[in-house]
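Please open the structure in a viewer and keep the sequence panel visible beside it. The tour below proceeds stop by stop, stating at each what to select and what is found there.

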Amino acid sequence: MLFDPLQAVSQDHWLETELGRYIFSRQEKLIMDLVRPSAGESVLDVGCGSGNYLKLFLQKKCSLTGIDPSDAALASAKNKLGHRCDLVRGNAVDLPFSDNEFDVVTLINNVRTLDDPQKIITEAVRVSRSRVFIGFFNKHSFVGTRQSVRKLFGFPVTSGIRFFTVGEMLSIISEAMSSPSATWGSVIYLPGPVYTFFSELEELFPIKKNPLGAFVGIAFAVNYTYQTVQSPILDSFDVKAKTRAAAPEAVRVMLQEGDP
């Protein structure tokens with residue numbers, strides 16, 4: 001997932017518009033309703049970009065961490081969040097964190113065309129000890145074409161963001177974690193010009209389990225399925241293969257180097 005500075009500028013500019021603020025507020029409502037964060041909970045935003053979604057959890061007094069492969073993205077996020085968030089350079093398919101390290105892990109609008117969504121979600125499950133939230137654009141929305149959705153949400157029409165149906169995403173989640181207990185919903189059902197004059201129409205649509213909104217959110221509980229290895233001082237002969245696979249990145253590398 002690569003950070004596009006032009007895309008970040010476009011989104012930040014979009015948030016300065018009345019339409020952008022309204023649409024973002026609808027996303028915020030869906031995210032908060034599904035995640036239900038509590039003060040003091042640890043939150044990791046994977047592919048955090050310039051930090052706009054992290055700011056939502058800052059308002060809830062959560063402990064924040066963001067990860068992104070781009071130095072430019074992290075610099076932009078630091079300008080917004082300062083010392084109130086730990087920012088890490090890294091990739092979504094190999095997160096440099098311990099298993100079960102965060103209460104909440106979020107993936108919002110950041111799965112690209114060339115990404116492996118199952119691998120990304122599997123990593124999110126690995127580092128979460130409570131729940132994961134996935135936000136994505138809907139293939140089957142009322143808004144219209146995928147270009148219309150990108151433009152409505154402040155993304156360039158050439159953006160490589162991938163679209164999914166609710167069923168497709170639930171299937172991917174099920175492959176990453178057996179029998180997930182998921183809740184989901186969607187927001188933004190109407191073309192952009194409608195919100196300029198009749199934004200109250202949006203509130204007439206139900207949020208929960210509505211498959212037709214342009215932005216879909218799915219939250220699911222995570223069961224403890226991994227064993228965390230916290231200490232780098234390990235006897236590699238006593239560590240079983242299953243435990244090695246579950247170790248943090250630094251420990252995994254050390255163990256691999258110690259193999260005969």
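In which strand does R131 lie? Select R131 to begin: this residue lies in strand β5. The model is a predicted one.

**Stop 1: R131 and its surroundings**

With R131 selected, consider its exposure. R131 has a relative accessibility of 16%, and because buried means under 20%, R131 counts as buried. Next, display its contacts, leaving aside neighbours within four places in sequence. R131 then touches V35, R36, P37, S38 and E41, further D103, V104 and V105, and finally F220, A221 and V222.

**Stop 2: the whole chain**

Zoom out before going further. The protein has ten helices and eight strands. Of its 260 residues, 52% are buried. Among contacts with a separation of 6 or more, 70% are between residues 24 or more positions apart. The accessible surface comes to about 12400 Å², and carbon and sulfur atoms hold 55% of that surface.

**Stop 3: S42 in strand β1**

Select S42, which belongs to strand β1, residues 42–46. S42 is buried, at 12% relative accessibility. Now add R129 to the selection: the side chains of S42 and R129 make a polar contact at 3.4 Å. Beyond neighbours within four places in sequence, the residues in contact with S42 are S63, E101, F102, D103, V104 and R129. D103 and V104 have already appeared on this tour, as contacts of R131.

**Stop 4: aromatic pairs**

Colour the aromatic residues. How many aromatic pairs does a search of the whole structure find? The search finds twelve. Select Y22 and Y195: their ring centres are 5.6 Å apart and their planes stand at 40°, so this pair is tilted. Y22 sits in helix α2 (residues 18–35) and Y195 in helix α8, so the pair ties together parts that are 173 residues apart in sequence. Is each ring residue buried or exposed? Y22 counts as buried at 18% relative accessibility, and Y195 is buried with a relative accessible area of 6%.

Move on to F136 and F164. These two residues form an edge-to-face pair, with 6.0 Å from centre to centre and 85° between the planes. F136 lies in strand β5 (residues 128–138) and F164 in strand β6 (residues 163–164), and the pair links these distant parts of the chain, 28 residues apart. Both F136 and F164 are buried. Strand β5 is also where the tour began, since R131 lies in this strand.

Then select W14, F137, F153, F155, F163 and F215 together. These six residues form one aromatic cluster.

**Stop 5: G192 in helix α8**

Return to helix α8 and select G192, which lies in this helix. G192 is buried, with 13% relative accessibility. Leaving aside neighbours within four places in sequence, G192 is in contact with L19 and L152. Draw a distance between the C-alpha atoms of G192 and S148: the two are separated by 8.6 Å, while along the chain they are 44 residues apart.

**Stop 6: a nonpolar patch on the surface**

Switch to a surface view and select F197, F198, L201 and L204. Together these residues make a nonpolar surface patch of about 460 Å². L201 is found in the loop between α8 (192–198) and β8 (215–221). L201 is partly exposed, with a relative accessible area of 33%.

**Stop 7: two lysines with positive phi**

Stay in the loop between α8 and β8 and select K209, which is found there. What is the value of phi of K209 near? Phi of K209 is near 55°, a positive value in a residue other than glycine. K209 is exposed, its relative accessible area being 61%.

Finally, select K61, placed in the loop between α3 (52–58) and β2 (63–68). Phi of K61 is near 60°, again positive in a residue other than glycine. K61 has a relative accessible area of 63% and is therefore exposed, the cut-off being over 50%.

Notes:
Residues are numbered from 1 along each chain as its sequence is written. This is a predicted model: local features need pLDDT of at least 70, side-chain atom pairs count only at pLDDT 80 or more; totals for chains, interfaces and linings use all residues. Side-chain values use heavy atoms; hydrogens and water are left out. Patches are made of residues with over 30% relative accessible area and no salt bridge: like charges are joined within 9 Å, nonpolar side chains (Val, Leu, Ile, Met, Phe, Trp, Tyr) within 5 Å. Accessible areas come from the Shrake-Rupley method with a 1.4 Å probe; for residues, only the protein chains shown count as cover. A salt bridge is a side-chain nitrogen of Lys or Arg within 4 Å of a carboxyl oxygen of Asp or Glu. Helices (H or I, at least four residues) and strands (E, at least two) are DSSP runs, numbered from the N terminus. Buried means under 20% relative accessible area, exposed over 50%, partly exposed in between (1.4 Å probe, protein chains only). A polar contact is a pair of N or O atoms within 3.5 Å; within protein, one must be able to donate a hydrogen and the other to accept it, and residues adjacent in sequence count only if both atoms are side-chain atoms. Contact means heavy atoms within 4.5 Å. Rings of Phe, Tyr and Trp (its six-membered ring) pair if their centres lie within 6.5 Å; planes under 30 degrees apart count as stacked, over 60 as edge-to-face and the rest as tilted.
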